[in-house]
Amino acid sequence: MNAPTREVALSVRDVTVVYETEDPVTAVSSAGFDLHRGEILGLAGESGCGKTTLAYAVNRLHQPPARIASGSVVLHDAVTGTDVDVLALGEEELRAFRWSKLSMVFQGAMNALNPVRSVGAQLDDTLRAHAPRLDRRARRERSADVLTRVGVSPDRLRAYPHELSGGMRQRVMIAMAMLLEPQVMIMDEPTTALDVVVQRDILREIVRLRDEMQFAVVFITHDLPLLLEISDRIAVMRGGVVVELDTAENLYRHATHPYTRKLLGSFPSLSGDRGAFIRSGELDAELSGETA
Ligand SMILES: Nc1ncnc2c1ncn2[C@@H]1O[C@H](COP(=O)(O)OP(=O)(O)OP(=O)(O)O)[C@@H](O)[C@H]1O
């Protein structure tokens with residue numbers, strides 16, 4: 001597996017998000033992290049701790065009553081060499097930024113496909129909107145290529161969403177998220193709705209693609225054992241705050257925050273002989289090519 005670099009792709013600093021409801025809720029409070037190029041950063045924490053709220057802030061997806069009260073999100077664009085101040089982008093700039101620089105896949109993303117348009121037409125729409133210089137043939141090739149990368153045959157370009165299984169539809173959404181080769185992908189429980197075998201297949205693909213394409217991934221889930229297997233570093237959130245951020249291995253072996261230890265202890269698969277677990281699971285072995 002390629003080691004991620006120390007170069008920072010995305011800096012998230014002191015982000016605070018408030019839901020301005022009758023009784024305002026500060027869902028994320030001064031939270032932040034640096035995401036390195038080519039890195040998979042896991043974001044862990046129990047339900048309601050603010051993971052999705054933070055991810056939405058990074059992609060500016062919040063609608064009222066949510067309000068980003070403070071903080072900064074900066075993408076260090078490797079292509080142009082400039083820094084993009086995400087929270088300051090205007091509507092037009094934001095449209096150009098999403099998908100092409102930073103893309104997001106949600107748990108229920110597969111339901112976001114348009115039921116009356118073929119997969120190919122939907123990939124083509126995104127390319128036409130964001131890569132107008134590509135001609136029809138180049139768009140078709142690119143669409144076929146991303147589908148192949150996520151393990152879906154290019155014949156499926158003609159298929160309609162209802163003709164595909166849930167796992168395939170979710171793969172199509174992951175293909176869509178990588179269509180414009182963004183530098184950062186945020187994946188919020190991207191495989192939770194799928195069965196375990198499909199989930200593992202897709203995760204294996206994500207890690208392989210990260211190695212191939214060197215994009216950086218923020219991977220959000222409450223499934224800490226899974227994060228320990230696939231992440232380079234893990235940030236643990238609690239009550240809207242990042243309480244600990246360390247390499248997967250350090251976090252597993254020497255978690256310093258009592259909450260992280262409690263979280264590790266709450267997964268039966270992680271108790272017992274901890275030394276035997278870390279990054280030596282079946283998935284990791286397969287990823288490093290040790291098994292077929
Ligand atoms: N629209 C909303 N209005 C008011 N409060 C909200 C809203 N959406 C989320 N919250 C609150 O913000 C906090 C963080 O929620 P968030 O969904 O970000 O957590 P999460 O860690 O992603 O949880 P999960 O793993 O269940 O998705 C929670 O206390 C939640 O109740």
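Two strands are taken to pair if DSSP finds at least two bridges between them. In this predicted model, strand 4 (residues 66-76) and strand 5 meet that condition, since three bridges join them and they run antiparallel. One of the residues involved is L75, whose bridge partner in strand 5 is V84.

Strands 4 and 5 belong to an open sheet of four strands, ordered 2-1-4-5 and paired in the antiparallel sense. Its edges are formed by strand 2 and strand 5 (83-85), each of which pairs on one side only. Direction ignored, neighbouring strands of this sheet are turned by 5 degrees against each other on average.

The other sheet to follow is also open, and has six strands in the order 6-7-8-3-9-10 with mixed pairing. Strand 6 (102-105) and strand 10 (241-247) have a single partner strand each, so one side of each is left without a neighbour in the sheet. Between neighbouring strands here the average turn is 15 degrees, direction again ignored. Strands of a sheet pair through backbone hydrogen bonds, in either a parallel or an antiparallel sense.

At the strand 6 edge, the pairing with strand 7 (residues 184-188) is parallel and extends over four bridges. L102 stands opposite V184 of strand 7. Helix 5 (residues 166-178) packs on the sheet and touches both strand 6 and strand 7; the direction of helix 5 makes about 170 degrees with that of strand 6. S103 has M185 of strand 7 opposite to it. Although strand 6 is an edge strand with one partner, both of its faces are covered. L102 and M104 lie on one side, S103 and V105 on the other, and all of these residues are buried.

The next element is helix 1, which connects the description of the fold with that of the ligand. Strand 2 (25-36) and helix 1 (51-58) are the elements that give two or more residues to the shell around the ligand. Helix 1 gives the most, with three residues. Around the ligand there are 14 residues, of which Y19, A27, S47, T52 and T53 come nearest. Sorted by class, this shell has five nonpolar, eight polar and one charged residues.

How is helix 1 placed with respect to the rest of the structure? Eight of its eight residues are buried, so helix 1 is largely enclosed by the rest of the structure. The buried residues are K51, T52, T53, L54, A55, Y56, A57 and V58. T52 and T53 thus appear twice, being buried in helix 1 and also listed with the residues that come nearest to the ligand. After the helix comes R60, which has a positive phi near 55 degrees.

Two residues of helix 1 can be looked at in detail. A57 has 26 C-beta neighbours inside 10 Å and counts as buried, because the cut-off for a buried residue is 20 or more. Apart from neighbours within four places in sequence, A57 is in contact with V15, V17, V28, H62, I68 and V73. The C-alpha atoms of A57 and S72 are 9.6 Å apart, with a separation of 15 residues along the chain.

Y56, also in helix 1, has 21 C-beta neighbours inside 10 Å and likewise counts as buried. When residues up to four places away in sequence are not counted, Y56 touches L61 and H62. H62 is therefore a contact of both Y56 and A57, contact here being C-beta atoms within 7 Å. From Y56 to V25, 31 residues away along the chain, the C-alpha separation is 16 Å.

L209, in helix 6 (residues 196-213), offers a contrasting environment. Is L209 buried or partly exposed? L209 is partly exposed, with 19 other C-beta atoms within 10 Å. Its contacts, leaving aside neighbours within four places in sequence, are R149 and M178. L209 and V73 are 136 residues apart in sequence, and their C-alpha atoms are 25 Å apart in space.

Finally, the chain can be set against its record. An unreviewed UniProt entry carries the annotation "domain: ABC transporter" for residues 10-264. Over residues 10-264 the model is 36% helix and 27% strand, and the C-alpha atoms at the two ends are 27 Å apart.

Technical notes. Residues numbered from 1 in each chain as written. Predicted model: local features only at pLDDT ≥ 70, side-chain atom pairs only at ≥ 80, totals over all residues. Near = placed C-beta within 6 Å. Nonpolar A, V, L, I, M, F, W, Y, C, P; charged D, E, K, R; others polar. Buried ≥ 20, exposed ≤ 12 C-beta atoms within 10 Å, placed from the backbone. Axes fitted to C-alpha atoms, helices over the stretch in contact; angles between N-to-C directions. Contact = placed C-beta atoms within 7 Å. UniProt positions renumbered as here; feature names shortened; annotations may be inferred.
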